[in-house]
Amino acid sequence: MKKNIQLIAIGLFVLCAYDASASSPHVYANYITANNIAAIQHSIATNTMRTFEGNAAATLGGIAKMARSDVMPSESGNARDMYGTLPMYGRPHLYGEYGDDGTVNTPDTGRSGGDDASRPVLNSMWFNWQHFDEDVGFSNYDVLDTNYDLLSFGVAGGEAQWGIGISEWGFYGGYVGGKQGNESIDINENGGYFGLYSGYNIQNFNLSFIANIGAVSNHASSEFGTDGFSTPWVGAALNATYNIPLDDTFTIQPGIYAGYTWIGSADYISASGDNIANSNFNIFDVAPSIRAIKHIGAGWFGYIGLQYVFRYDYNGDIFVNNEKYTELFSDDYAEYGIGIEKSIDRFNIALHLNRHDGGRTGWNGGVNIKYIF
């Protein structure tokens, strides 16, 4: 009798400790989607800010500014041959709004010449495409094969002297779509986003800020049927970088990124008849980074980079038929990659390929095309 009671107690303990996700994976669809949105938001923020800031050519702009087609031949020297002819308008520190002593030149005395009226209100527009193919892991849950695309379009302008530096603004928007799945569930996600950018540059120091809103429509298919729900989000991020030039062609760029994403969760009756209630998410990202940027030759630039993304999740409780389920947790992850860039007349074209390891494991890559007015 005593032995039977012990066996029953052990059985009850195992039953209580058994992870509900193993038997009811469909109830976590909202949780999975929310965590993917946080990663998407991080990618949107980092790539958008780098595009607004300028990529490799702008980072090495202290030398490349001398390659402008409208400077005196005696000034251009070999720089034009080295970097190629660059368009008239672009990043402030790329084209010489800083004097030789480090002070900010006014519009009518800067090397770029002219007054405010001679400058376009908008200085550039760009298009960015990224594709992600990776495995996403959670605690106590099967790995999900994740494939999605980000399409972004942005416009920049408003360069102006502000204190001892140069400020700039911009706006951007885009589309996100993809699919996550394993043997138990498939989730299709489609949505869009819109945001604003502001940047401030003091020679080698750059501070960037973005804020955006977005929403994703989700359809989760499992053995019970298909559940449909929507997930809105609001995000903001700050990124600071500092360029350390080692010579005329090589720069080290350390940086730190901090972001916050609020994700609104959906409550719904699932196809299985379960009443699923989810609390909203508050997700924080902190990512130190470093990039090495090199002018390869004839206007070609290459760069390698590394960042480590620390994730901090708050809330996100899951209730199924008023019973709280075990939360899923995703780990931090590292991103490292390479890129190459070339300016051709007024176009700047950049390609990159990155690798994720940790809580997200896989590859992503894309292309950025920027036109400078």
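Tutor: Two strands are taken as paired if DSSP finds at least two bridges between them, strands being E runs of at least two residues and helices H or I runs of at least four, numbered from the N terminus. The model is predicted, with local features needing pLDDT of at least 70 and side-chain atom pairs pLDDT 80 or more, while totals for chains, interfaces and linings use all residues. Residues are numbered from 1 along each chain as its sequence is written, and side-chain values use heavy atoms, without hydrogens or water.

Student: How many bridges join β10 to strand β13?

Tutor: Strand β10 covers residues 275-278 and β13 covers residues 318-320, the two running antiparallel. Within this pairing, N278 has I318 of β13 as its bridge partner. The number of bridges that join β10 to β13 is 3.

Student: Which residue in β10 is the bridge partner of I269?

Tutor: Strand β9, residues 268-269, also runs antiparallel to β10, and 2 bridges join them. The two strands form a hairpin with 5 residues between them, and in its turn G273 has a positive phi of about 90°. The partner of I269 across this hairpin is N275.

Student: Which residues form the covered face of β10?

Tutor: The uncovered face of the strand carries N275 and A277. On the covered face are I276 and N278.

Student: How many residues of α3 are buried, that is, under 20% relative accessible area with a 1.4 Å probe, protein chains only?

Tutor: Helix α3 spans residues 29-53, and because each residue should add 1.5 Å, its 25 residues should span 36 Å, in agreement with the 36 Å between its end C-alpha atoms. In the protein chain as a whole, buried residues make up 51% of the 373 residues. Helix α3 is mostly covered, and the number of its 25 residues that are buried is 24.

Student: With which side chain does the side chain of E341 make a polar contact (N or O atoms within 3.5 Å, one able to donate a hydrogen and the other to accept it)?

Tutor: E341 lies in strand β15, residues 333-344. Although E341 is buried, the nearest side chain of opposite charge, R291, is 6.7 Å away. The polar contact, at 2.7 Å, is with the side chain of N348.

Student: What separates the C-alpha atoms of N188 and N218?

Tutor: N188 is in strand β4, residues 186-202, and because its relative accessibility is 33%, N188 counts as partly exposed (between 20% and 50%). Leaving aside neighbours within four places in sequence, N188 is in contact (heavy atoms within 4.5 Å) with residues including G178, K179 and N218. N188 and N218 are 30 residues apart along the chain, and their C-alpha atoms are separated by 5.6 Å.

Technical notes. The expected span of a helix is 1.5 Å times one less than its number of residues. Lys and Arg count as positive and Asp and Glu as negative; His and the chain ends are not counted. A salt bridge is a side-chain nitrogen of Lys or Arg within 4 Å of a carboxyl oxygen of Asp or Glu.
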